[in-house]
Structure formats: structure tokens, C-alpha cells
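Take a moment to look over the sequence and the structure below before reading on. The paragraphs that follow lead from one group of paired strands to a whole chain, then to its core, and finally to a helix.

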Amino acid sequence: MTIVQTATGPAQTMVLNMGPQHPSTHGVLRVLLELDGENVVKADVDIGYLHTGIEKTAEALTYSQAITITDRMDYLAPLSNNLAYCLAVEKLLELEIPKRAQYIRVLLTELTRVASHLVWLGTHAIDLGAMSVFLYCFREREGLLNIFEMVSGQRMMTSYFRIGGLALEPPIGWTDRVQKVLQSLPARIDEYEDLLTKNRIWLARTQGVGMLSAADAIAMGVSGPSLRGSGVDYDVRKYFPYSSYEEFDFQVPVRTECDCYARYMCRVAEMRESLKIVKQALEKIPSEGPIKADAPGIVPPQREKMKTEMEALIYHFKIFTEGFAPPPGEVYQRVESPRGELGCFIASDGSPKPYRMKIRAPSFANLQALQKMVEGRLIADVIASIGTLDIVLGEIDR
Amino acid sequence: MTETPDLEQNPTVARIRSWKPDAIEGLVSFRGELTILLPREHLFPLAEFLAAAPELAFTYLSDVTGVDRFPVEPRFELNYHLLSLSRREAIRLRVRLQGDSPVIESVVPVWPTANWHEREIFDLFGIRFEGHPNLRRILMPDDWEGYPLRKDYPVEGPR
């Protein structure tokens, strides 16, 4: 804590260093707050504490290997990251993905959205003093992580989507697990709403707090539920459908109050919409059919074929030793991650490694709006404003 | 990559052409994505025009990405991914910069979100943005030397 001299005379404001080690910054965010009493005069956001050079690392990996590092950016929604990256490479290769794989991708990314929103709800609530919601949310999230573990073998770093389709055939009985979640979760979300939606403390802490007008949100490049809480209906799934989203019937929740409460309502409604999509996907997924595109040289061949066909064995060897080389060119693929527009830009130079991979992290753009949301407000509202943006520092710093 | 005359028929391209015929250096369409190549000095006026013209309304800047083509000159490439929310259209602007003068005008006055994106490119590629309100390193430590995403940045051994 330091006392500073201001232009008008002796110390009137105080600079407070919040973070990077602070539980309510959701990772390693540092905010320098200039305070006048309890009012925030100026907020300076400092990031980079989690920078691991993922984009540089990708340049040294083959296209298939780079999938594993996409998990580690937005660690609350690894499947959304996998999807953005795989779709970008598939666009580069002009691969046609079998419908069955597309529907399974949709189903799992929507479950990811629910799991991510549950973490957001729990942590946001605990930041604002509602302890029990946190415990309930993490209990439900565990059920979803079990599904991810069932299909991919991993709870969090799934790497389940591969270029051309999926890594493995989902195990027998996985749909029953999804059904069980579909049956139990809506009632659980009702429970959270009982605890919060009309709770007077919750209303006092979120209504009229963290105001962000639609014009400001667009200017700052905010996307996802943070933008939709300001009355803009931009959702990549509707604007630029990918992976067969155009075949699903769902609403995009939009609120116009522009405050933390609006964003809370948007996310809760979004969880219900996601479950609707999951339900439709379950009905659509054919019980049999390929989960990988028919693309020799890009998609690893089946084990059986490798034992009987020489060509398959050669392809297998080539994919895992030198990789495959997409044509030169640049693509940008956007998907709707739980946090907003997740973009994957890939520049290929015709070699088996991405010449440049860039992730447009939704949290990166969203966090820029924090300054606007907190300046002139109370210091207690800073916590609410950070929470409502739903940032993941892993993808901001990459 | 193909460069075909029918890209001129694209309404966005036609509108830019009618505004300033020499603002576009080239057009590329790859995998259904339109890229407009620009000379450096036209970026800022065109950015203002694209954001302000009501029939274009490219008010949303998704991303700015740098690419280093070392040792090819012009070495640096900047890609601006724009979105028109009202018309549901996306385009990409591309500017190439010489390695000996990696300087370009900042688009922060047009799209405030460019603030951090440009800081990131400054941090990792060493491209300077003139008129940027706060051009400091953002991901790397302030006292870091070198620009890690450049292709001639050593990935092992002493820097």
C-alpha cells in the first residue's frame, strides 16, 4: 500500500494492489486500484502471470500434436478449445466430418458449457458471500466431468476431438450417463435459482453493479454471455453455425439490464438451453456409424486395417512420424465457447507444422471491459465485476 | 489461394472501391474467407470508413494477429478480423510491413478493443503502433529483451 501525491495536493488517493495472489481474481490477475476512500478512481489491469508461450510451442508441434496444448488454455472448457482448433485445421484441409461425430461434438461441447457455467456460478457466488452454491455446483460438475472421463479417459485435459473426428468410439453406456444428467440437472438449476435469483443479498450485490452498455461492450470486443447481458444477441452458434448447430433448436438468452444480474440470468438460462441441445443431440446421434472422416494420410487408420493392409500401416507410420501437410493459406475459425467468441487463426505454409497458430481468447477481450465497469464504483463491486466476466487466465495469457 | 475477378463483385469490396479505388492492394479468397490486402497508409482511413459507414457497419473487431514471414520481405503481416454484427459478415484486412520499419498506425481510436491486441503484437513481434495510448509489454515482463514470436528468436540456448 502506498500513498501517492496527487495534482491537487497531499495524499487523497491510495493505490491498492489486488492480486496476483487473491482468491477472487480467479487465477493470477493483478489489478492496480487507485482509491479515493472506498471509490475506485482508476483501475489498471495487469496480466501475463500465466504466460507459457502456447502459440510459440504450437509452431514446433505437428497439427495432431498441437491439439493437446489447446486443452491447457481454457482449462474450464477444454472441449471448446479442441473444437475450435480441429475445425480450423479441418477447414484448411477441407475435410468432411461424419454427422455422428459432429453430433457427439455438439453434445460434449454443450456439456462443457454447462460444466464451465457451473464453475462460474459457484465461484461468483462464493465471491459474493453465498457459500453453499459453490459446493452444490461443484458436486454437479463432477457428474459432467465423469462423462468426459468416460469418453476420453481424462476429466479435464480431454483432447478428445481430433482432426477428422473423435479420438475414440464412446464407450457402451455413456448415453445412459448423459440421460441421468439430463434428468437431474434441471431440478438442480432450479435449486440454485431458489438460492440466488430472488435472494435480497444477491440482488443488492449484482443489480446495477458492473454496468456495461451495449455500445461499450461492442467497442471493447466483449462476447458471449457478458455481451448478451448488455442486450446484443451475438452468438457464434447462430451467426456463423458450425458443426451442424443449424440443425438444433435453441434460444439465445439476452437481457438488456447491462449489469451483473443480467449476466447471471443469461448464464443460468444458457445452461437450460444447453441441456435442450444435449437432449436433441442424444436423439440425433445414430447408434452406429463412423466417428472419423475417411481421409487416409490424415486420420490414423483402424488397428484392424493396419494388421492386414500395407497401405494403412504406411499411413500410420507417416502420420505419427512426420504428420500431414495442409495446403498453404490462412483460416480463422470462430466457435462459441462458454466465455464467448473463441477464434482459432492458423497460417499454414504447406509444412506439417502450423506456421502460426493464434487463439483469439474471449476472456482476453472481455477483461478489457473491466476498467470501464469498475471506475467510479465501489471497491466491493470490483469483486463482482471480475466474477461476472467469467475470465480464465489460462486462455488470456496463453 | 485464388485471386479472381468476381471478388470485385462482393458488395463490401465494391463499396470500398467506390469510396477510394486505390485503398485495396489485392483480394484473396481462401476457404470462403475474404481477405483484403491494403497498403500500410490506407489502414487507418479504411478502418474509420468500415466502422462508420452504416451499410458496412464493421463495428466489431474480433482479433488482430501478427505473422512473421522471416526471411521473406515484407516480413510482418497483420491480420485484422472484422465482424459486422448487423449484417453477419466477417472479413479480414491484411497489411504487410517491412522488417526494417515495423510501424503502423494504431486502430484504437476506431476499435478500443484493439488496445490489448496491439500491445500483445508489440510485445511478441516488436511491431510499433503509432498513436497507441499505452504501448507497453503485456504478456512478457517489462524488462524482457527480444520478441518471442519472431521466427528468428532462438527457441533454445542463450537469447
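**Paired strands in chain A**

Strand S8(A) is joined to strand S9 (residues 356-360) of chain A by five bridges, and the two run antiparallel; strands here are DSSP runs of E with at least two residues, helices are runs of H or I with at least four, and both are numbered from the N terminus, while two strands count as paired if DSSP finds at least two bridges between them. This is a predicted model, in which local features need pLDDT of at least 70 and side-chain atom pairs count only at pLDDT 80 or more, whereas totals for chains, interfaces and linings use all residues. Residues are numbered from 1 along each chain as its sequence is written, and chains are lettered from A and ligands numbered from 1 in the order in which they are written.

Within the pairing of S8(A) and S9(A), Gly343(A) has Arg360(A) of S9(A) as its bridge partner. S8(A) is also joined to strand S7 (residues 329-337) of chain A, by nine bridges and again in antiparallel fashion, and a hairpin of two residues leads from S7(A) to S8(A). In this pairing, Glu336(A) stands opposite Glu341(A) of S8(A). Strand S8 (residues 340-348) is mostly covered, since nine of its nine residues are buried, where buried means that 20 or more other C-beta atoms, placed from the backbone, lie within 10 Å of the residue's own.

Turning to the whole of chain A, its secondary structure comes to 17 helices and nine strands. Its radius of gyration, taken over C-alpha atoms, is 22 Å, close to the 21 Å that the globule rule (2.2 Å times the number of residues to the power 0.38) gives for 398 residues, so the chain is as compact as a globular protein of that length. Buried residues make up 51% of those 398 residues.

The largest nonpolar core, a set of buried Ala, Val, Leu, Ile, Met, Phe, Trp, Tyr and Cys residues joined through C-beta atoms within 7 Å, has 151 residues, of which Ala88(A), Val89(A), Ile346(A) and Leu82(B) touch the most other members. Helix H4 (residues 99-127) of chain A gives the most to this core, with 13 residues.

In chain B, the buried residues of helix H2 (residues 43-52) are Leu43(B), Leu46(B), Ala47(B), Leu50(B) and Ala51(B). Seen down the axis of H2(B), they fall within an arc of 130° (taken from the directions from the axis to the C-beta atoms), so they line one face of the helix.

Notes. A residue is buried if 20 or more other C-beta atoms lie within 10 Å of its own, exposed if 12 or fewer, and partly exposed in between; C-beta atoms are placed from the backbone.
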